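I am opening these notes to record what I looked up, entry by entry, with the cut-offs set down beside the terms they govern.

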Amino acid sequence: MTEQDAPGVRRLERLVERVAPRDPDRWEARPPLKRGRLVSRSRADQLRATVRQLGLAVGHEGMPGDCGGSVKALLSPHSIDAFLELASEGEFRDRRNPAAIGTPLSWSTLATLRDCLVILGEEAGVEVVVPRVYRQRLDLAPVAGAEQLELLYGRLVGSVPADATMARSLACAGLVLDSRMRSGDLVTRRVEHVHLGDDGGGAWVDAVWHHQGSGRRREDQVPLRPGTVVALRRWLAFRAGLVEGLQGSDHGMLWVTVRARARLVDGVYQTYEAGMPLGPWGMRWGFSSGMDRLNEVLAAGWEGPGAWVPLPPRVEQWRRGAEWAQEQAAGG
């Protein structure tokens, strides 16, 4: 689905036009928002810009595939989560200024975007749940702390994960901690890109990093720590069982779905089998699901010291936490 045939985007455009008409002759007679205030001219521009960005998001590989079908789908928690993460990285900046695409949004711009999403939801009668991480400055958003990093490192080589979802997230976290790859780069990795030292040599991953907005990429071999190797072996064992049920040969992608789910394709729901490749949005959602499961397991057995602090659920939080730890070590 594209922006041009996305009913959700079209309806939001009509809602904005009602409370913030472009016609100067209708401006003074505009109705108030449901919260009781009239839209100012600056807020009108912000609402139109938000709908424009939502239009660009429809069809993006990092968004849920059926997000443009209705306002409810477009403003659902999963869609909003993916949209804000992509928007914060500058994915939906004005296409008339190509140089700006990929430049991260400032805190104030992201806060405005968040406010506009809430307003659009109110006008459409859809509750908008905005992730808490986006209410803060990006450089102060929660990252994995030193104790959490150590806990996860220990878990990588600890007891066997309870299920494939947890195993996938642990293996993914290990690669993030070792390579600092973003989720969009992680999903491009194939089984052949991880070398686990089975031939007696060292263990490494053929990593790739895309520089956002520039179109440039960098590739390198990154050594893998023992814990990451153990986690990857466990995930590959789960993966083998998942892809075994697929018809045809193994597609070779490293990250796959762990259960069948429905996808909306050209207006028709189709079954997406377990063992199929994950896309960027599926990777982010799947990682969070696995970390939620891991938090449940670890919290149940936590004996202190202090209260249990949940592990961050986002790939980016672990990546930035590892970078922060590296900078602290270099500076210390």
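Entry 1, Pro64. I began with Pro64, which is buried at a relative accessible area of 8%, where buried means under 20% relative accessible area, exposed over 50% and partly exposed in between, with a 1.4 Å probe and protein chains only. I placed Pro64 in the loop between helix H3 (41-57) and helix H4 (71-74); helices here are DSSP runs of H or I with at least four residues, strands are runs of E with at least two, and both are numbered from the N terminus. Leaving out residues up to four places away in sequence, I found that Pro64 touches His78, Ser79, Ala82 and Trp281, a contact being heavy atoms within 4.5 Å. I also noted that Pro64 and Gly279 are 215 residues apart in sequence but 9.5 Å apart in space, C-alpha to C-alpha.

Entry 2, basis of the values. I remind myself that this is a predicted model, in which local features need pLDDT of at least 70 and side-chain atom pairs count only at pLDDT 80 or more, while totals for chains, interfaces and linings use all residues. Residues are numbered from 1 along each chain as its sequence is written, and side-chain values use heavy atoms, with hydrogens and water left out.

Entry 3, the whole protein. I counted 12 helices and five strands in the secondary structure, and of the 332 residues, 45% count as buried. Among contacts between residues at least 6 apart in sequence, 62% join residues at least 24 apart.

Entry 4, H8 against H10. I looked up how helix H8 (residues 164-179) and helix H10 (residues 226-244) meet, and their axes come within 8 Å and cross at roughly 145°; the axes are lines fitted to C-alpha atoms, for helices over the stretch in contact, and the angles run from 0 to 180 degrees between N-to-C directions. The crossing is left-handed, a term used if the near helix is turned anticlockwise from the far one by less than a right angle, with right-handed for clockwise. On the H8 side I listed Ala164, Ala167, Arg168, Leu170, Ala171, Gly174, Leu175 and Asp178, which meet Thr228, Ala231, Leu232, Trp235 and Phe238 in H10. The residues of this contact divide into nine nonpolar, two polar and two charged, with Ala, Val, Leu, Ile, Met, Phe, Trp, Tyr, Cys and Pro counted as nonpolar, Asp, Glu, Lys and Arg as charged, and the others, Gly among them, as polar.

Entry 5, H10 and the loop after it. I noted that H10 has 19 residues and reaches 27 Å from its first C-alpha to its last, close to the 27 Å expected at 1.5 Å a residue, the expected span being 1.5 Å times one less than the number of residues. The buried residues of H10 include Thr228, Ala231, Leu232 and Trp235, and also Arg234 and Arg239. Arg239 came up again at Gly252, which touches Arg190, Val191 and Arg239 when residues up to four places away in sequence are not counted. Gly252 is found in the loop between H10 and strand S4 (261-265), and I recorded it as buried, with a relative accessible area of 13%.

Entry 6, Arg180. In the loop between H8 and helix H9 (183-186) I stopped at Arg180, which has a positive phi of about 65° although it is not a glycine. Most residues other than glycine have a negative phi. Arg180 counts as buried at 18% relative accessibility.

Entry 7, Arg11 and Leu84. Is Arg11 buried, exposed or partly exposed? Arg11, found in helix H1 (residues 7-19), counts as partly exposed at 34% relative accessibility, and beyond its neighbours within four places in sequence it is in contact with Val71 and Ala124. Leu84, in helix H5 (residues 77-88), counts as buried at 0%.

Entry 8, cysteines. I closed with the disulfides, and the count comes to zero under the rule that a disulfide is a pair of cysteine sulfur atoms within 2.5 Å. Cys67 counts as buried at 1% relative accessibility, and Cys116 counts as buried at 0%.
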